[in-house]
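Visitor: I'd like a close look at one part of this model, the place where two helices cross. Could you walk me through that, and then go on to whatever else is worth a look around the rings?

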Amino acid sequence: MKVNTAEIVISAVGPKQYPEGNLPEIALAGRSNVGKSSFINKMIHRKNLARTSSKPGKTQTLNFYILNESFYFVDVPGYGFAKVSKTEREAWGKMIEQYLVERDQLKAVVQLVDLRHAPSKEDVLMYDWLKYHELPVIVVATKSDKIPKGKWDKHKKVVKETLNMDKSDKIVLFSSETGHGKDEAWGILNSYLSK
Ligand code: GDP
């Protein structure tokens with residue numbers, strides 16, 4: 001996929017602000033610091049459209065990026081942060097959950113995990129929740145450059161088994177440093193975007 005145009009359309013705090021129209025959307029979710037902004041920037045060849053290293057708890061918004069004027073990446077705030085109050089966390093949860101469950105334009109969710117470690121309890125909960133709601137998930141295992149190639153298969157297996165991944169869901173090893181996995185990820189995303 002050659003991304004010619006990429007723009008942030010809205011940082012939405014509620015459904016009324018979601019873009020109108022029927023363009024397909026791909027949501028991206030993961031724990032803070034997993035490499036989500038770096039993934040987005042690498043996929044769309046931008047240095048800094050998605051903010052990197054944003055402070056956990058700061059971005060309580062759904063960020064809609066329109067790409068090639070034909071589809072959206074929807075950046076879901078990192079889960080598993082501790083710095084917001086319980087009330088804020090609940091409000092956050094509700095908006096995100098509602099978006100993920102009810103949004104017709106949503107075609108699939110990219111869930112990012114760190115290839116170096118077994119997925120956390122929160123990663124597992126998130127994956128289970130997405131599957132409970134019958135959402136297609138693409139697992140992107142980030143920071144593959146930090147693991148020697150000879151150990152990739154072993155780490156990939158740990159991720160798949162810890163998440164107890166559905167056979168129908170794909171996993172992609174990714175590095176925003178080297179660009180590894182980018183074409184494979186686009187291949188999978190395209191198949192959902194054209195459904
Ligand atoms: P986010 O909080 O999930 O958006 O994470 P960021 O994209 O801000 O990345 C968090 C940190 O991990 C930053 O210091 C990035 O430079 C680093 N990082 C992200 N992706 C990779 C990667 O593929 N390889 C390496 N080596 N570092 C990465």
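**A helix crossing, and some rings**

Guide: Helix 1 and helix 5 are roughly perpendicular to each other. Keep in mind that this is a predicted model. The angle behind that label is about 85 degrees, and the two axes are 11 Å apart; anything from 65 to 115 degrees counts as roughly perpendicular. In sequence terms, you're looking at residues 36-43 for helix 1 and residues 182-193 for helix 5.

Who does the touching? On the helix 1 side, the contact is made by Phe39, Lys42 and Met43, and on the helix 5 side by Lys182, Ala185, Trp186 and Leu189. Sort those by class and you get five nonpolar residues, two charged ones and no polar ones.

Now for the rings. A pair of aromatic rings is described by the distance of the centres and the angle of the planes. The model has eight aromatic pairs. Take Phe64 and Tyr99: their ring centres are 6.1 Å apart and the planes sit at 90 degrees, so this pair is edge-to-face, the cut-off for that label being over 60 degrees. Phe64 belongs to strand 3 (residues 62-67) and Tyr99 to helix 2 (residues 86-102), so the pair ties together parts that are 35 residues apart in sequence. Both Phe64 and Tyr99 are buried.

Another pair to pull up is Phe71 with Phe73. Here the centres are 6.2 Å apart and the planes are at 65 degrees, so that one is edge-to-face too. Phe71 is buried at 3% relative accessible area, and Phe73 is also buried, at 0%. Back at Phe64 and Tyr99, there's a bit more going on: along with Tyr18 and Tyr72, they form one aromatic cluster.

One last stop, at Thr5. You'll find Thr5 in the segment before strand 1 (6-12). With a relative accessible area of 29%, Thr5 is partly exposed, since that label covers what lies between 20% and 50%. Thr5 and Leu67 are 62 residues apart in sequence, yet their C-alpha atoms are 5.6 Å apart in space. If you skip the neighbours within four places in sequence, the contacts of Thr5 are Arg46, Ile66, Leu67, Asn68 and Glu69.

Notes
Residues are numbered from 1 along each chain as its sequence is written. This is a predicted model: local features need pLDDT of at least 70, side-chain atom pairs count only at pLDDT 80 or more; totals for chains, interfaces and linings use all residues. Side-chain values use heavy atoms; hydrogens and water are left out. Rings of Phe, Tyr and Trp (its six-membered ring) pair if their centres lie within 6.5 Å; planes under 30 degrees apart count as stacked, over 60 as edge-to-face and the rest as tilted. Helices (H or I, at least four residues) and strands (E, at least two) are DSSP runs, numbered from the N terminus. Buried means under 20% relative accessible area, exposed over 50%, partly exposed in between (1.4 Å probe, protein chains only). Contact means heavy atoms within 4.5 Å. Axes are lines fitted to C-alpha atoms, for helices over the stretch in contact, and angles run from 0 to 180 degrees between N-to-C directions. Angles under 35 degrees count as roughly parallel, over 145 as roughly antiparallel, 65 to 115 as roughly perpendicular and the rest as oblique. Ala, Val, Leu, Ile, Met, Phe, Trp, Tyr, Cys and Pro count as nonpolar, Asp, Glu, Lys and Arg as charged, and the others, Gly among them, as polar.
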